[in-house]
Amino acid sequence: MKSVLPVLTVVGVIMLVWVVSVVPMNMHLTADQAQRDGLAVTPDTPAARQNVSSVALALKNTHLIGATYGLERPRLPSPHQVGAELWDTVFDKKITSRRSLVYHGWVTLSATLLGFAIGTGLGILLAVGIVYNKAMDMSVMPWAIASQTIPILALAPMIIVMLGAIGVQGILPKAIISAYLSFFPVVVGMVKGLRSPDGMQLDLLRTYNASGAQGFWKLRLPASVPYLFASLKIGISASLVGAIVAELPTGARAGFGARMLVGDQYGQPIVTWAALFAAAITAAALVGLFSLLERLTLRRMGMVQA
Amino acid sequence: MIWLAIIGALLIWAVGWFINAQLANSALSARRWVQVLVPVLFGVTILLMWEWLVRMLEVNAVILPPPSAIAVRLANEFPRLWVDFEQTIIKGAMTGYVIGACAAFAVAILADRSPFLTRGILPVGGFMAALPIVGTAPIFVKWLGSDWQSKAAVVGVMVFFPILVNTVAGLRDTTSMQRDLMRTYGAGYWVSLFKLRLPAAMPFIFNGLKVATTLALIGAIVAEFFGSPTVGMGFRISTSVGQLALDMVWAEIVIAAIAGSTFYGLMAWIEARVTFWHPSQRK
């Protein structure tokens, strides 16, 4: 609990920087708008204003500073605008509405979770294969490690088109991209985890005359759980990024990615920012959920002190 | 025809796997060259099966081009691929990486003077590192235009948090015994920073730098999906997908993969030179 105050301070500093930067970022737009509304602005032509820095413009027109926080199409929306948009689209819209972020969130989240489940399942299976088969270990493991250094997310647009060409549409292409992004971290983490029991522990099981299967279920698998959770937390956020990026190149109609694109193309920055924050909150909630599960599971298994 | 294709593919797989299994279970498996040869053979087996299946089943090049077509494209279009590489990797990713890393170091060293701030930055930074920061790309493209500056900004923000968290955590990684020793030598803040705490933090810092290499490439490529000049790897990928020129897409992905592993390898190489004293680097 002693880190609550420091965390709040850091978050406060970030918010302060945001609130302060709203003024210079939006000053030119505000000045143009104010002139159209017939207010006095110095200097009084848009061309002359282009040569003035935004900070200087703000100092010359102090009466306009308040207005920078209320623009309809700001360059940088203020926190309260983003908050209001989030509140409006999450709580005040019916969840079946196309403007509801809950609806868009579910579209992205369902693909994320499906893909994450596929990727994690296959990843664990492959890891078991790698640990028990030396040929598999030597052939596949270097590729699994190398795959973490390459930007596999770049494959996303192609996979969508490829699957579209053979008639697979809807949730599945996005889920596949989520799956392969969570797959490799899980493989690498699980291999490390399944190998974590040391020689002493393996020998002990041998003196008990334990079979290979018993060794797996009673020693290797429980020992790999902390590593699994570490990988799951990386995997779930990678899955979410994958699902969002998968929505971009195809012009998807629904989902966080689609919402960001809509805000971008129709000049509604507040929509983009709200979608971005909603995606961030979703990612945080997912990672938080897995941290909680991790803590509960490890405590129940006696691996951490309560 | 289909049967022939499938039997052939299985045969290629069986031969490749047989050789690998023999090598892996033989006495040679501890040798360095065998450890390189086995994964290479595995890769070649996959490529051969891919080529064979695509040719025998006459898969449309719009769905999956054979590896040979990709290689031809890679050789023929090399000048264009090189220009894309320069735009995305050198200008976008590298600039952003350097800016993000420098900013992260600066903030980490400033924050490190106050244990209070450190306790706040670690959880907040770790949290930010897990967020889908790629999503800020449309905002930066709007602010900084569609050329490489906006890509560098996205990359800078993406690499900032992992490097920050690792540097802050690393700077705390000295024991009170070591710090006391520095104090008995009469070392001030700066001397103990440069002689003790920065070197001790290096394994952490390089961890962050290595994670950030992949993020940098992802950021630079994905940000181009939101708007770019008519050059760049992300631009080429999205337009070639539109033109159904998938061999070009694959060629770009090959370049991205090579660039990614080279960048990572470079960082690992520097790490081995800088932190030669660390247990994980000892041979």
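Let's start at A:A135. This residue is buried, because 21 other C-beta atoms lie within 10 Å and the cut-off for buried is 20 or more. A:A135 sits in helix α6 of chain A. What does A:A135 touch, not counting residues up to four places away in sequence? The list is B:W17, B:N20, B:A21, B:A24 and B:N25. Keep in mind that this is a predicted model.

Stay with α6(A). A:A135 has buried company there: A:M138, A:S139, A:V140 and A:A144 are buried too. Look at what these buried residues pack against. From chain A come α5 and α8, residues 171-194. From chain B come α1, residues 2-25, and α2, residues 32-56.

Now the geometry of α6(A). The helix has 13 residues, so at 1.5 Å a residue α6(A) should span 18 Å. The end C-alpha atoms are 18 Å apart, which agrees. Still, α6(A) bends by about 35 degrees at A:V140. A proline, A:P142, follows within four residues.

On to the interface. Chain A puts in 44 residues and chain B puts in 50 residues. Which elements of chain A give two or more residues to the side that touches chain B? They are α1, α6, α7, α10, α11 and α12 of chain A. The most comes from α6(A), with 8 residues. By residue type, this side of chain A divides into 34 nonpolar, 7 polar and 3 charged.

Next, the other bent helix on my list: α7 of chain B, residues 148-171. With 24 residues at 1.5 Å each, α7(B) should span 34 Å. Its end C-alpha atoms are 33 Å apart, which agrees. The bend here is about 30 degrees, at B:F160. Again a proline follows within four residues, and this one is B:P162. Is α7(B) largely enclosed or open, and why? Of its 24 residues, 23 are buried, so α7(B) is largely enclosed by the rest of the structure.

That leads to the core. The largest nonpolar core holds 138 residues. Within this core, A:V187 and B:V159 touch the most other members. The largest share, 16 residues, comes from α7(B). Take B:V159 and leave aside its neighbours within four places in sequence. B:V159 is in contact with B:G96, B:Y97, B:G100 and B:A101, and also with B:A212, B:L215 and B:A216. Apart from the largest core lies another, of 9 residues. Its members include A:V23, A:M27, A:A31 and A:L76.

Two isoleucines in chain A. A:I236 lies in helix α10. A:I236 counts as buried, with 25 C-beta neighbours inside 10 Å. Beyond four places in sequence, A:I236 is in contact with A:F116, A:S182, A:L286, A:V287 and A:F290. Now compare sequence and space. A:I236 and A:A283 are 47 residues apart along the chain, and their C-alpha atoms are separated by 7.9 Å.

The second is A:I160, in helix α7 of chain A. A:I160 is also buried, with 23 other C-beta atoms within 10 Å. A:I160 and A:I150 are 10 residues apart along the chain. Their C-alpha atoms are separated by 19 Å.

Two backbone points. Most residues other than glycine have a negative phi. Which way does A:N209 go, positive or negative? Its phi is positive, about 60 degrees, although A:N209 is not a glycine. A:N209 is in the loop between α9 and α10 of chain A. A:N209 is exposed, with 7 other C-beta atoms within 10 Å.

Chain B has a case as well. B:L244 has a positive phi of about 60 degrees, and B:L244 is not a glycine either. B:L244 lies in the loop between α10 and α11 of chain B. Its 15 C-beta neighbours inside 10 Å make B:L244 partly exposed.

Last, confidence. Chain A has a mean pLDDT of 84, with 98% of its residues at 70 or more. Where in chain A is confidence lowest, and where highest? The lowest is helix α2, residues 46-50, at a mean of 76. The highest is helix α5, residues 101-132, at 91. Chain B averages 87, and 100% of the residues score at least 70. For the complex, the predictor gives an ipTM of 0.81 and a pTM of 0.85.

Note on methods:
Residues are numbered from 1 along each chain as its sequence is written. Chains are lettered from A and ligands numbered from 1 in the order in which they are written. This is a predicted model: local features need pLDDT of at least 70, side-chain atom pairs count only at pLDDT 80 or more; totals for chains, interfaces and linings use all residues. Two residues are in contact if their C-beta atoms, placed from the backbone, lie within 7 Å. Ala, Val, Leu, Ile, Met, Phe, Trp, Tyr, Cys and Pro count as nonpolar, Asp, Glu, Lys and Arg as charged, and the others, Gly among them, as polar. The expected span of a helix is 1.5 Å times one less than its number of residues. The bend at a residue is the angle between axes fitted to the seven residues ending there and the seven starting there. A residue is buried if 20 or more other C-beta atoms lie within 10 Å of its own, exposed if 12 or fewer, and partly exposed in between; C-beta atoms are placed from the backbone. pLDDT is the predictor's confidence in each residue, from 0 to 100. A nonpolar core is a set of buried Ala, Val, Leu, Ile, Met, Phe, Trp, Tyr and Cys residues joined through C-beta atoms within 7 Å.
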